[in-house]
Amino acid sequence: MAHKLDEMDRRILRELQIESSRSQRALAEDVGLSQNALWRRLKALEASGVIKGYAARLDREAAGASLVVFSMVKTRRHSAEWLRSFRTHLESIPEVVSLYRISGDFDYMLKIVTPDIAGFDRVYQRVTEKLELEAVTSYFAMEAMIEDRPIPL
């Protein structure tokens with residue numbers, strides 16, 4: 001059963017998306033709850049899967065991963081077994097940071113982050129080496145104008 005978010009949950013989640021490393025005491029003050037009440041809400045949000053984890057947001061350029069590529073994949077294969085193999089294969093490639101099944105002319109969209117074009121070429125070789133794909137078309141991002149925004153709640 002899905003966790004029904006109330007306004008206080010939304011407030012907590014908005015604050016966590018902005019800065020998740022602050023102490024529970026500071027977060028409780030920011031949202032207007034006692035520390036114990038905040039802790040109970042956080043545990044409920046974690047248990048229900050609304051909060052999947054906590055992570056640092058990195059500046060890609062400063063971390064040496066300045067190239068973003070969106071690769072569109074078309075396949076003739078659509079069985080559940082093929083999809084499992086495809087997903088497992090792509091999960092083994094750390095530079096593939098997102099994978100979406102999409103509608104339209106292509107079946108899947110990958111977001112790939114690498115240091116440079118040579119890094120992308122190595123990823124491309126790995127993506128295409130094990131699975132039968134009909135077409136792969138890639139688009140190189142020139143500039144990240146909006147990236148990694150908080151989910152609107």
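**A four-stranded sheet, its helix and its cavity**

Let me begin with one pair of residues in this predicted model: L99 stands opposite L110, and L110 belongs to strand β3. That pair is part of a longer contact between two strands, since β2 and β3 pair in the antiparallel sense over five bridges. These two strands form a hairpin with six residues between them, and in the turn you will find G104, whose phi is positive at about 110°.

Now let us move to the other partner of β3. Strand β1, residues 67-74, runs antiparallel to β3, residues 108-114, and seven bridges join the two. If you would like to follow this pairing on the screen, look for V68, which stands opposite V113 in β3, and then for M72, whose bridge partner in β3 is M109. As general background, strands of a sheet pair through backbone hydrogen bonds, and the pairing may be either parallel or antiparallel.

With these pairs in mind, we can put the whole sheet together. It is an open sheet of four strands, in the order β2-β3-β1-β4, and the pairing is antiparallel. Why do β2 and β4 each have one side without a neighbour in the sheet? The reason is that β2 (96-101) and β4 (135-140) stand at the edges, where each has a single partner strand, so one side of each is left without a neighbour. Neighbouring strands of this sheet are turned against each other by 20° on average, if direction is ignored.

How much of β3 is buried? Six of its seven residues are, so this strand is largely enclosed by the rest of the structure. One residue I would like you to look at here is K111, which lies in β3 and counts as buried because its relative accessibility is 17%, where the cut-off for buried is under 20%. Leaving aside its neighbours within four places in sequence, K111 is in contact with several residues, among them V68, V69 and F70, as well as V96, V97 and S98, and also E147 and D148.

D148 deserves a moment of its own. It lies in the segment after β4, and its phi is near 55°, which is a positive value in a residue other than glycine. D148 counts as exposed because its relative accessibility is 54%, and the cut-off for exposed is over 50%.

Next comes the helix that goes with the sheet. Helix α5, residues 117-129, lies across β1, β2, β3 and β4, and it runs at about 140° to β3.

This brings me to the empty space inside the model. In general, rolling a probe the size of a water molecule over the atoms shows where empty space is left. Here the count comes to one cavity of 30 Å³ or more, and the largest cavity has a volume of about 40 Å³. Which elements supply its lining? At least two residues come from each of β1, β3, α5 and β4, and the largest share, three residues, comes from α5. The lining includes S71, V73, L110, F120 and Y124, so you meet L110 again, the residue that L99 stands opposite. By class, the lining has seven nonpolar residues, two polar ones and no charged ones.

Finally, a look at another helix. S85 lies in helix α4, residues 80-91, and it is partly exposed, with a relative accessible area of 35%. S85 and V31 are 54 residues apart along the chain, and their C-alpha atoms are separated by 44 Å.

Conventions
Residues are numbered from 1 along each chain as its sequence is written. This is a predicted model: local features need pLDDT of at least 70, side-chain atom pairs count only at pLDDT 80 or more; totals for chains, interfaces and linings use all residues. Side-chain values use heavy atoms; hydrogens and water are left out. Two strands pair if DSSP finds at least two bridges between them. Axes are lines fitted to C-alpha atoms, for helices over the stretch in contact, and angles run from 0 to 180 degrees between N-to-C directions. Contact means heavy atoms within 4.5 Å. Buried means under 20% relative accessible area, exposed over 50%, partly exposed in between (1.4 Å probe, protein chains only). On a 1 Å grid over the protein atoms alone, a cavity is a set of points where a 1.4 Å probe fits but cannot get out, and a pocket is an open set with protein on both sides within 12 Å along at least five of seven lines; lining residues have an atom within 4 Å of a point. Grid points are joined across faces, edges and corners, and a volume is the space filled by probe spheres set on the points. Ala, Val, Leu, Ile, Met, Phe, Trp, Tyr, Cys and Pro count as nonpolar, Asp, Glu, Lys and Arg as charged, and the others, Gly among them, as polar.
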